[in-house]
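Visitor: Please take me through the ligand site at close range. I would like the surroundings, the contacts and the backbone there.

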Amino acid sequence: MSEKSCSTGGKRNEEKLIAGNWKMNGSLAANEALVRALLDGLGGDAGCDVAVCPPSIYLAQVRALLGASERIALGAQDVSQHENGAYTGDVSAAMLRDFGVRYAIVGHSERRQHQAESDTHVAIKVQRALAAGITPIVCVGETLAQREAGETEVIVKRQLAAVIHLNGHCISEIVVAYEPVWAIGTGRTATPEQAQAVHALLRAQLRAATDRADRVRILYGGSMNAANAASLLAQPDIDGGLIGGASLKAPDFLSIIAAAS
Ligand code: PGA
């Protein structure tokens, strides 16, 4: 890919990014209440970049609710690895772009586990997103068994290496999310020190691949909440959060945004 073809227009790593991963939750009524509460609570300037990632069927609804507002960006939870054609049920990067989608979560551990997404699938999805001008939020993370076996570094580096290998210099356009699988939805958060240690490894890996590694935002995800966000976000290589459960409650999500601002 040429430099131009993978540019998502992303800015330097100056502002933190707080992204809400709604997973398979929501309804027309609940989404409307949540988005209205977020817009009301944010006021003029959020002080950091904010995104919400509803289920794909609700992207159009949430886009309409967000209106012309630039305060909250729209994200998808997945993108097809195919460009178009006979792939029943898939949603392409170009279709997401049609609906104003700015970010796409790629390679979430729930998809790696339940949809058998491999590192190669994830790398191709990243390529599709970038080609459509969408910023992929690439998830990496180890299971509890892998952590206990001392394999954390090997696992997260292998997952990111596949994406770097296929996407070359475009790697500076991605967002990475370190999400230890044992911390997702469990209420058991990585300590700030544990998270920072892995983020530093990922940063070093990015530096070896691009001289623009410092512009790549590396988010932490896994039971981040209003109480623990500030200490996680204070770490030098933690540039934001990918928030599941707490993103479904406006006061909690707004508190995390405030901690990042
Ligand atoms: P959680 O989910 O905040 O509910 O742990 C995070 C995620 O899976 O992205």
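Guide: Here is the ligand site, followed by one helix pair.

This is a predicted model, in which local features need pLDDT of at least 70, side-chain atom pairs count only at pLDDT 80 or more, and totals for chains, interfaces and linings use all residues. Residues are numbered from 1 along each chain as its sequence is written, and side-chain values use heavy atoms, with hydrogens and water left out.

Start with the shell. The ligand is surrounded by 13 residues (each has a heavy atom within 4 Å of it). The closest are Lys23, His108, Glu179, Gly185 and Ser223. By class, the shell has seven polar, four nonpolar and two charged residues. Here Ala, Val, Leu, Ile, Met, Phe, Trp, Tyr, Cys and Pro count as nonpolar, Asp, Glu, Lys and Arg as charged, and the others, Gly among them, as polar.

Now the polar contacts (pairs of N or O atoms within 3.5 Å). A side-chain N or O atom of Lys23 lies 2.7 Å from a ligand oxygen. Gly245 brings a polar backbone atom to 2.8 Å from an oxygen of the ligand. For Gly244, a backbone N or O atom is 2.9 Å from a ligand oxygen. On its own, the ligand has 290 Å² of accessible area, and the protein covers 95% of that (Shrake-Rupley method, 1.4 Å probe).

Next, the backbone. Most residues other than glycine have a negative phi. Lys23 has a positive phi of about 55 degrees. Lys23 sits in the loop between β1 (17–21) and α1 (28–42). Helices (H or I, at least four residues) and strands (E, at least two) are DSSP runs, numbered from the N terminus. Ser223 also has a positive phi of about 55 degrees. Its loop runs between β7 (218–221) and α9 (229–233).

Last, the helix pair. In a contact (heavy atoms within 4.5 Å), α7 residues including Val156, Leu160 and Ile164 meet α8 residues including Val198, Leu202 and Leu206. By class, that contact has nine nonpolar, two polar and two charged residues.

Technical notes
Polar contact = N/O pair within 3.5 Å; in protein donor to acceptor, adjacent residues only side chain to side chain.
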